[in-house]
Every structure is written in structure tokens, then in C-alpha cells.
Amino acid sequence: MFRLYADRTWLRLEQRERLTSGSVNVNQVEFTFSADWEGLTKTAVFRAGELTRELRLDGTARCVIPWEVLKVPGVQVCAGVYGSASGGEVVLPSVWAQLGTV
């Protein structure tokens, strides 16, 4: 499992695992957040090359890396997260964290 900690806008990778192409519903990600994120709706963002996928996080703050991001071998995968206020406006985006190469 990947573990990421969001401290305001900084996103720190605390634990990683190997990424393999063709994986579907295999690579879980758990986010933890500083107090800055309280009350915000959190959305995880995964990027591989030009491809980006977003997943709204539920109360567990866990999700699975989308299979589309893991499709092409040799591509760097990054994760980010952003928080939205009740009106849907993005109020707190993080920097990208590098998860590794597929």
C-alpha cells in the first residue's frame, strides 16, 4: 500500500510499493491529512505522462490507483490531492508526489 501525508500543500510519500503495468485494483493508496484539510472534500489525482485521473476520497481516505494510469510501462506515476469547499471551489491543492515508474 502507498501511504501519503498531506501537510497543507506538501504531499509526502511515506510508503511505496512496486508498480506494474496491467494492474487493475491492485495498488491501494491511503492519504492522511494535517488539520488544514478539515472540513474539505478531498479528491485524489493520479498522473502518468499526459493522462490524469481523479477520484473523490470517502471517509476512509483510501482509493486504488486507476488502471489507466498503470497501462503503459516505463512511465512515471505521480499523485496529488486537492480539497474543495462546500461550493465546489478548490481551496487547497497539493504539490505532486512521485510514486514511481510503471
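Trainee: Why is W37 called buried?

Mentor: In this predicted model, W37 has a relative accessible area of 0%. Buried means under 20%, so W37 is buried.

Trainee: What makes the pair of F33 and W37 tilted?

Mentor: Their ring centres lie 5.1 Å apart, with the planes at 50°. Centres within 6.5 Å make a pair, and an angle that is neither under 30 degrees nor over 60 counts as tilted. The pair of F33 and W37 is therefore tilted.

Trainee: And why is F33 called partly exposed?

Mentor: F33 has 21% relative accessibility. Partly exposed runs between the 20% and 50% limits, so F33 counts as partly exposed.

Trainee: How many aromatic pairs are there by this rule?

Mentor: The count comes to 2 aromatic pairs. In one of them, the rings of F31 and F33 have centres 6.1 Å apart and planes at 15°. Planes under 30 degrees apart count as stacked, so F31 and F33 are a stacked pair.

Trainee: Which residues form the aromatic cluster?

Mentor: F31, F33 and W37 form one cluster. F31 is buried, at 2% relative accessibility.

Trainee: How do you know that the charged end of K42 sits over the ring of F33?

Mentor: The charged end of K42 is 5.2 Å from the centre of that ring, and the distance cut-off is within 6 Å. Likewise, R47 lies over the face of W96, at 4.2 Å from the ring centre.

Methods
Residues numbered from 1 in each chain as written. Predicted model: local features only at pLDDT ≥ 70, side-chain atom pairs only at ≥ 80, totals over all residues. Heavy atoms only, no water. Phe/Tyr/Trp six-rings, centres within 6.5 Å; stacked < 30°, edge-to-face > 60°. Buried < 20%, exposed > 50% of the residue type's maximum accessible area, 1.4 Å probe, protein only. Lys NZ or Arg CZ within 6 Å of the ring centre and 35° of its normal.
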